[in-house]
Amino acid sequence: MFITLIITFSLFFFVLFLVYLIYCYAYYDENKVNFYTEIFNKGQYKEVYEDLENDSDLTYQDFSKVIKLMYDKGNLKNIYYLYYSDEMSLDDFIGIFYYGNSKVSSDDIVFKEEGITNLVERKDFSYKEINVENRDGYKSSLGLKRNIKFEVENNSTLILDDKELVCIDNECLVDSLFGGLHVIEYNSNDIDYYGIINVWEDKQIIKIAQENSLVKKNKADEEEVVKVIEDLNLNKGKYELKECYLSSGCPSKKKSYINLSENGEAIFYTYITLDQAGDYYKGTYLVEGEFLVLKFNNHIYTVFDYDTKQSTDIEADVDIEFRFKIEDNKTIKNSDYLFEYSI
């Protein structure tokens with residue numbers, strides 16, 4: 001028995017040692033890379049910044065300006081209505097500047113690696129460069145970029161992300177800058193321009209006057225456009241049914257609702273009290289001009305059987321769209337219904 005126990009414990013610790021060897025030399029590094037990739041794809045940008053190679057004085061606020069411009073579709077829509085609605089369609093604008101419709105793989109990330117993984121220590125990883133590409137094929141690169149040069153015209157000033165740059169001999173040199181998209185405000189010969197620039201590499205030279213995104217700012221119309229944006233910037237949450245214009249079969253106002261989530265998901269539910277039947281749609285939503293567009297791919301119809309006193313759910317995949325006119329940021333309406341924001 002003693003010999004058997006010695007052999008059993010020896011085999012057990014030998015197997016543990018083999019597992020530990022596999023963990024150290026075959027699993028740890030790859031798992032760490034996948035972990036950092038997943039953090040970025042989940043949108044945990046605060047954690048990304050904290051693990052980003054950065055020996056400059058640039059802060060998380062500087063990094064978040066880039067992220068908000070590239071990954072916040074609502075913010076991009078506001079910019080579109082302010083400056084670009086006469087230049088291109090909203091779909092084209094989003095296609096160029098929005099990067100939230102795609103994910104990165106571990107091959108898209110360049111890591112800074114320090115140390116070595118062995119039996120007693122672990123390699124340290126940090127983000128050096130994150131190469132991103134949106135669904136329309138536009139590319140950029142997140143991470144610290146150095147010695148970026150902006151070339152401007154005579155009698156001009158340049159504001160980058162709310163900070164005016166010092167320019168000498170028509171050149172503005174920035175020692176360090178986070179890669180990605182940035183907002184510029186450019187004044188040349190008393191004409192104000194707005195633009196979005198893409199920084200993707202060290203020692204990049206950007207000729208401001210040749211940027212395709214540069215558009216003239218019309219200050220006289222800005223207040224009016226801002227008001228339109230505020231009206232179109234719908235509150236997220238639950239909208240309750242307030243009016244029904246159907247000739248018959250109007251659903252219950254107490255139980256029917258539309259719910260708009262912050263992540264772009266939408267639920268549209270109507271309940272017919274007399275039939276004790278409910279229509280449940282689940283999908284996504286977006287704002288197109290003055291309209292809220294609900295697009296659904298899942299539908300559940302709940303029907304009540306008076307004989308058995310039981311409800312049955314009938315689920316189906318659908319491809320259906322509902323459009324509502326945005327009356328203001330709390331009211332949506334079409335020919336059938338009017339919904340008002342509640343919470």
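## Two disulfides

A disulfide here is a pair of cysteine sulfur atoms within 2.5 Å. By that rule the count comes to two. Before we look at them, a word on the model: it is predicted, so local features need pLDDT of at least 70 and side-chain atom pairs count only at pLDDT 80 or more, while totals for chains, interfaces and linings use all residues. Residues are numbered from 1 along each chain as its sequence is written, and side-chain values use heavy atoms, with hydrogens and water left out.

Cys244 and Cys250 make one of the links, with their sulfur atoms 2.1 Å apart. The torsion about this S-S bond is about -85 degrees, so the disulfide is left-handed. The other link joins Cys167 to Cys172, at 1.8 Å from S to S, and with 90 degrees about the S-S bond it is right-handed. Count the bonded cysteines along the chain and you get the pattern 1-2, 3-4.

How open are these cysteines? Buried means under 20% relative accessible area, exposed means over 50%, and partly exposed is in between (1.4 Å probe, protein chains only). Cys172 is buried at 1%, whereas its partner Cys167 is partly exposed at 29%. In the other link, Cys244 counts as buried at 19% and Cys250 is partly exposed at 33%.

## Aromatic rings

Now for the rings. Those of Phe, Tyr and Trp (its six-membered ring) pair if their centres lie within 6.5 Å; planes under 30 degrees apart are stacked, over 60 edge-to-face, and the rest tilted. The structure holds 33 aromatic pairs. In one of them, Tyr36 and Tyr127 have ring centres 5.2 Å apart and planes at 85 degrees, so the pair is edge-to-face. It links distant parts of the chain: Tyr36 sits in helix α1 (residues 2–41) and Tyr127 in strand β2 (residues 124–133), 91 residues apart. Both of these tyrosines are buried.

Tyr84 and Phe93 have ring centres 5.0 Å apart and planes at 35 degrees, so that pair is tilted. Tyr84 is buried, with a relative accessible area of 1%, and Phe93 is buried too, at 0%. Both belong to one aromatic cluster, made up of Tyr80, Tyr81, Tyr83, Tyr84, Phe93, Phe97 and Tyr194.

## Lysines over rings

A charge sits over a ring if NZ of Lys or CZ of Arg is within 6 Å of the ring centre and within 35 degrees of the ring normal. The charged end of Lys46 does this with Tyr60, 4.4 Å from the ring's centre. Lys238 lies over the face of Tyr257, at 4.9 Å from the ring centre.

## Helix α3

Helices (H or I, at least four residues) and strands (E, at least two) are DSSP runs, numbered from the N terminus. The expected span of a helix is 1.5 Å times one less than its number of residues. For the twelve residues of α3 (residues 60–71) that gives 16 Å, and the end C-alpha atoms are 15 Å apart, which agrees. Buried residues in α3 include Asp62, Phe63 and Tyr71.

## The largest pocket

Pockets are found on a 1 Å grid over the protein atoms alone: a pocket is an open set of points with protein on both sides within 12 Å along at least five of seven lines, and lining residues have an atom within 4 Å of a point. Grid points are joined across faces, edges and corners, and a volume is the space filled by probe spheres set on the points.

About 880 Å³ of space lies in the largest pocket. Of the 33 residues that line it, the closest to its centre are Lys73, Gly74, Tyr98, Glu262 and Gly264. Elements giving two or more residues to the lining include α1, α4 (73–84) and β17 (291–305). With six residues, α4 gives the most.

Terms used: On a 1 Å grid over the protein atoms alone, a cavity is a set of points where a 1.4 Å probe fits but cannot get out, and a pocket is an open set with protein on both sides within 12 Å along at least five of seven lines; lining residues have an atom within 4 Å of a point.
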